[in-house]
Amino acid sequence: MSSLALGTPGSFRAQLNGLVLSGAKTATTGLLAEYAREDEVVEHVGERLALVDDADGYVAMVEITAVARCRFDEVSLPHAVAEGEGWESVEDWHRDHRHYWSAQGIAVDDGTEVVCLSFRLVEAAHR
């Protein structure tokens, strides 16, 4: 089974996983180039992914409900809001995502291709 590791390891991943478990986060965005670099295929509607923590431990099961490829500057406000991190404008989403990827050593411009995933929580791990 494929997995979904959100954000970067540590407190940020834990925060994002918490948002998924609370129902506040129902979307995420990745760089299309990262799929190629990691030799992964883009998810498809209906695919189930194991949401994992830093140790690849099972946190929850999510099911992909929508997949869209687009340019960075075409990400919609509804998608940004569905990411659950409090963005009220696409401009704020752009700023924070540019900063995030820049911190990973990846330059992002308006034409960078991204993959927008929407998902639903299927089940949470019993802890």
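User: Rings of Phe, Tyr and Trp (its six-membered ring) pair if their centres lie within 6.5 Å; planes under 30 degrees apart count as stacked, over 60 as edge-to-face and the rest as tilted. What does the count of aromatic pairs come to by this rule?

Analyst: Heads-up: this is a predicted model, where local features need pLDDT of at least 70, side-chain atom pairs count only at pLDDT 80 or more, and totals for chains, interfaces and linings use all residues. Residues are numbered from 1 along each chain as its sequence is written, and side-chain values use heavy atoms, leaving out hydrogens and water. Ring pairs tie Phe12, Phe72, Trp93, Tyr100 and Trp101 into a cluster. By the rule above, the number of aromatic pairs is 4.

User: Where does Trp101, the partner of Phe72, sit?

Analyst: Phe72 and Trp101 are edge-to-face, 6.3 Å centre to centre with 65 degrees between the planes. The two are 29 residues apart, and Phe72 is in the loop between β4 and α3 (77–82). Helices (H or I, at least four residues) and strands (E, at least two) are DSSP runs, numbered from the N terminus. Trp101 belongs to residues 90–103, helix α4.

User: Is Trp101 buried or exposed?

Analyst: Buried means under 20% relative accessible area, exposed over 50%, and partly exposed in between (1.4 Å probe, protein chains only). Phe72 comes in at 0%. Trp101 has a relative accessible area of 2%, so it counts as buried.

User: Which element gives the largest share of the largest nonpolar core?

Analyst: A nonpolar core is a set of buried Ala, Val, Leu, Ile, Met, Phe, Trp, Tyr and Cys residues joined through side-chain atoms within 4.5 Å. This one has 16 residues, and Leu4, Leu6, Val20, Leu51 and Val62 touch the most other members. Two or more residues each come from α1 (11–22), α2 (32–37), β3 (48–52), β4 (58–71) and β5 (113–124). With 4 residues, the largest share is from β4.

User: Over what arc do the buried residues of α1 spread?

Analyst: The residues in question are Arg13, Leu16, Asn17, Leu19 and Val20. The arc is that of the directions from the helix axis to the C-beta atoms. They sit on the same side of α1 because they cover only 155 degrees.

User: Which strands stand at the edges of the open sheet?

Analyst: Strands pair if DSSP finds at least two bridges between them. The sheet has 5 strands in the order β1-β3-β4-β5-β2, with mixed pairing. Each edge strand has a single partner, so one side is left without a neighbour in the sheet; the two are β1 and β2.
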